[in-house]
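Q: Please take a close look at one part of this structure. Begin with a single residue, then widen the view step by step. Short sentences would help me.

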Amino acid sequence: MSNEYQRIEEFFCRNMEQIKNPIIKSFLADAQNLYLVQKAILYPTDRNMKMVDETFQSHYIRVRTIKYVSNLIYFYSLDFDKKRRRLQNRYLLIVDNGLLETDSTREGDRIGKGLLDTVENEKLFISLKKLTHKQLQILEMIYVKDCSIKVIAETLQTTPQNISNLHRKALKKLHHMLRKEEK
Amino acid sequence: MENKYNEETLMIIENFIPKIKQCLHQTSFQEREDLEQEIKLKIIEKLATKEFQDTPSFWDFFT
């Protein structure tokens, strides 16, 4: 028995460099894989060697796939946004934001409408109703009326920092409520 | 056979959802849903066609 341990130990000592290779390391981290390898070291029959190889290959492919997909997601999202911006710059006539402040239709749509009237999502509506009046007022000014923080601070006669704080707190509260709802 | 592949792909996508969500921040708010769908589509497409060749043998590492 101790002889077996020695042989395994010797094998690993001899290949210290390779063990440090991340792919080998992660492969051996699995107890079952380690067991297979140990078996193959002690009894290096064709079958044992082949079994290690097969599991290693599937492990290798899995790692490669994960890496590949991860990169794919990252670069694809970058490209996607680049493409979108290029198109947007090319076709300036697709009006998304309103060219002028006094843009007729969209502005007209909004007049007289509060934040609660514009919300279509039921859960969001319920959560919004639970906010304090002031928080709701600030959210409305920021998201519906497109006011700057500074302007809001002036109308409510307080400091911009305070508005910013209240805004953040309101969003946090909303986020919290919606999360709880999801669970 | 086909079914097995699909399940694998689905698992991969599910495991990658946090990463996808994180990458959605690359684009503007309006485009995020589109991008999410596009990414998933791309993953399915790629996993169906992609094959990793020349996987090394385990014993190649040890001489």
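A: Start with B:E33. B:E33 is exposed, because 10 other C-beta atoms lie within 10 Å of its own, and a residue with 12 or fewer counts as exposed. Keep in mind that this is a predicted model. B:E33 is found in helix α3 of chain B. Now look for B:K21. B:E33 and B:K21 are 12 residues apart along the chain, and their C-alpha atoms are separated by 9.9 Å.

Stay on the helix that holds B:E33. B:Q37 is found in α3 of chain B too. B:Q37 counts as exposed because it has 10 C-beta neighbours inside 10 Å. Pair B:Q37 with B:I20. The two are 17 residues apart in sequence. In space, their C-alpha atoms are 10.0 Å apart.

Another residue to find is B:I39. Set aside its neighbours within four places in sequence. B:I39 is then in contact with B:I20 from chain B, and with A:I73, A:Y76 and A:S77 from chain A. That leads us to the other chain.

Here is the contact between the chains. Chain B brings 23 residues to it, and chain A brings 25 residues. On the chain B side, two or more residues come from each of α2 (17–23) and α3 (32–49). The largest share of that side is from α3(B), with six residues. Sort the chain B side by type, and you get 13 nonpolar residues, four polar and six charged.

Now look for the largest nonpolar core. This core has 10 residues. From chain A come A:V69, A:I73, A:Y76 and A:F80. From chain B come B:F16, B:C23, B:L24, B:L35, B:I39 and B:I43. So B:I39, the residue with those contacts in chain A, is part of this core, because it is among the buried nonpolar residues joined there. Two helices, α5 (46–90) of chain A and α3 of chain B, each supply at least two of the core residues. The most comes from α5(A), with four residues. In soluble globular proteins, nonpolar side chains tend to be buried together.

Step back to chain B as a whole. Chain B has three helices and zero strands. From the N terminus on, its elements run α-α-α. Of its 63 residues, 13% are buried.

How confident is the prediction for chain B? The average pLDDT of chain B is 82, and 92% of the residues score at least 70. Within chain B, confidence is highest in α2(B), at 89. It is lowest in helix α1 (residues 2–15) of chain B, at a mean of 80. The model scores ipTM 0.83 and pTM 0.57.

Cross to chain A. Chain A has 11 helices and zero strands. Buried residues make up 11% of its 183 residues. Take the contacts in chain A between residues at least 6 apart in sequence. Of these, 51% join residues at least 24 apart.

One helix of chain A is worth a check: α4 (residues 31–42). What span should its 12 residues have, at 1.5 Å a residue? They should span 16 Å, and the end C-alpha atoms are 16 Å apart, so the two values agree. The buried residues of α4(A) are A:L36, A:V37 and A:A40. These residues are on the same side of α4(A), because they cover an arc of only 95° around the axis. They pack against α3 (22–29) and α5 of chain A. That is the α5(A) which gives four residues to the core. Turn to the face of α4(A) away from its buried side. There sit the exposed residues A:A31 and A:Y35.

Finish further along chain A, at A:Q157. A:Q157 is in the loop between α10 (149–156) and α11 (160–182) of chain A. It has a positive phi of about 55°, although it is not a glycine. Is A:Q157 buried or exposed? A:Q157 is exposed, because 6 other C-beta atoms lie within 10 Å.

Key
Residues numbered from 1 in each chain as written. Chains lettered and ligands numbered in written order. Buried ≥ 20, exposed ≤ 12 C-beta atoms within 10 Å, placed from the backbone. Contact = placed C-beta atoms within 7 Å. Nonpolar A, V, L, I, M, F, W, Y, C, P; charged D, E, K, R; others polar. Core = buried A, V, L, I, M, F, W, Y, C linked by C-beta atoms within 7 Å. Expected span 1.5 Å × (residues − 1). Arc of directions from axis to C-beta. pLDDT = per-residue confidence, 0-100.
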